[in-house]
Amino acid sequence: MSEICPDSGMLIDTLDGFLAAIVLTPATIMASRWLPWVWDMDEGEEAPHFESVEEANHFLGLIMRYYNSIVYAIDQGQFEPLFLELYQESGSEFLDAEGWCEGFMFGVELFPEHWQTLIEQHPILIEPMMLLGTEKGRRTVKGYDDPDTQREIYETIPIVVAALHVYFRPQREREVAAIMRLVETRKAGSVGSARSPQSHGSKVGRNDPCPCGSGKKYKKCCGMGEWLH
């Protein structure tokens, strides 16, 4: 809502849904790929006009802290989506999940290669978000005259988020295992290189000058096995 942010930036409920989709995506999505869309949902090009580096770090820190809180909540099975609370003239309260679902589907559509198989084979796991977060889905929901049906859709969202977390777990574990293998391979290669230096040039004779530069014969210097140069 700040004046320094583009008008096309996400509202808090949309951000909550968007980050939930990013967290659930079974691949590591770097912040540099999704953060521009937080500021500008239209093109992903505009950004806030921060007055200082300190201000920029403050706002970025808040967003990353929010992201990490969603990671923790989903991992612990404690995630609760953030819906807008709309108050009616009668004084009653109405929860609006459309903004949250729009943000979630935006995250899905931003990285479709990770979601396409699920959408094709298990659409029920993403059905509530598609009903409330897409134009086609909202037209379907408007055809429901029973308000209880809409409420059931809202209440299903935390359930399917937990199911998506379980569904994608094997893929996430394979990715982590692959990263660990890569790290271990590089680590082993570095250690091996440090411990197994390559010898260059011809063999030094016992009566030849020692290659260390001491001026002594090799047999009286490094060739004795007592010195380390």
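**Exercise 1.** In this predicted model, determine how Glu-46 counts in terms of relative accessibility.

*Solution.* Glu-46 has a relative accessibility of 48%. Partly exposed residues fall between the limits of 20% for buried and 50% for exposed. Glu-46 therefore counts as partly exposed. Its place in the chain is the loop between helix H2 (31-39) and helix H3 (53-75). Glu-46 also belongs to a negative surface patch, together with Asp-7, Asp-42, Glu-43 and Glu-45.

**Exercise 2.** Classify the ring pair of Phe-79 and Trp-100, and state which parts of the chain the pair ties together.

*Solution.* The whole structure holds 13 aromatic pairs. In the pair of Phe-79 and Trp-100, the ring centres are 6.3 Å apart and the planes stand at 45 degrees, so the pair is tilted. Phe-79 lies in the loop between H3 and strand S1 (84-87), whereas Trp-100 lies in helix H4 (residues 98-110); the pair therefore ties together parts 21 residues apart in sequence. Both residues, Phe-79 and Trp-100, are buried.

**Exercise 3.** Carry out the analysis for Phe-83 and Tyr-154, and decide whether each residue is buried or exposed.

*Solution.* The ring centres of Phe-83 and Tyr-154 lie 6.1 Å apart, with planes at 55 degrees, so this pair is tilted. Phe-83 is in the loop between H3 and S1, and Tyr-154 is in helix H8 (residues 147-195); the pair therefore ties together parts 71 residues apart in sequence. Buried means under 20% relative accessible area. Phe-83, at 14%, is buried, and Tyr-154, at 10%, counts as buried.

**Exercise 4.** Identify which residues form one aromatic cluster.

*Solution.* The cluster consists of Phe-79, Phe-83, Trp-100, Phe-104, Trp-115, Tyr-154, Tyr-167 and Phe-168.

Methods. Residues are numbered from 1 along each chain as its sequence is written. This is a predicted model: local features need pLDDT of at least 70, side-chain atom pairs count only at pLDDT 80 or more; totals for chains, interfaces and linings use all residues. Side-chain values use heavy atoms; hydrogens and water are left out. Patches are made of residues with over 30% relative accessible area and no salt bridge: like charges are joined within 9 Å, nonpolar side chains (Val, Leu, Ile, Met, Phe, Trp, Tyr) within 5 Å. Accessible areas come from the Shrake-Rupley method with a 1.4 Å probe; for residues, only the protein chains shown count as cover. A salt bridge is a side-chain nitrogen of Lys or Arg within 4 Å of a carboxyl oxygen of Asp or Glu. Lys and Arg count as positive and Asp and Glu as negative; His and the chain ends are not counted. The place of a charge is taken as NZ of Lys, CZ of Arg, CG of Asp or CD of Glu. Helices (H or I, at least four residues) and strands (E, at least two) are DSSP runs, numbered from the N terminus. Buried means under 20% relative accessible area, exposed over 50%, partly exposed in between (1.4 Å probe, protein chains only). Rings of Phe, Tyr and Trp (its six-membered ring) pair if their centres lie within 6.5 Å; planes under 30 degrees apart count as stacked, over 60 as edge-to-face and the rest as tilted.
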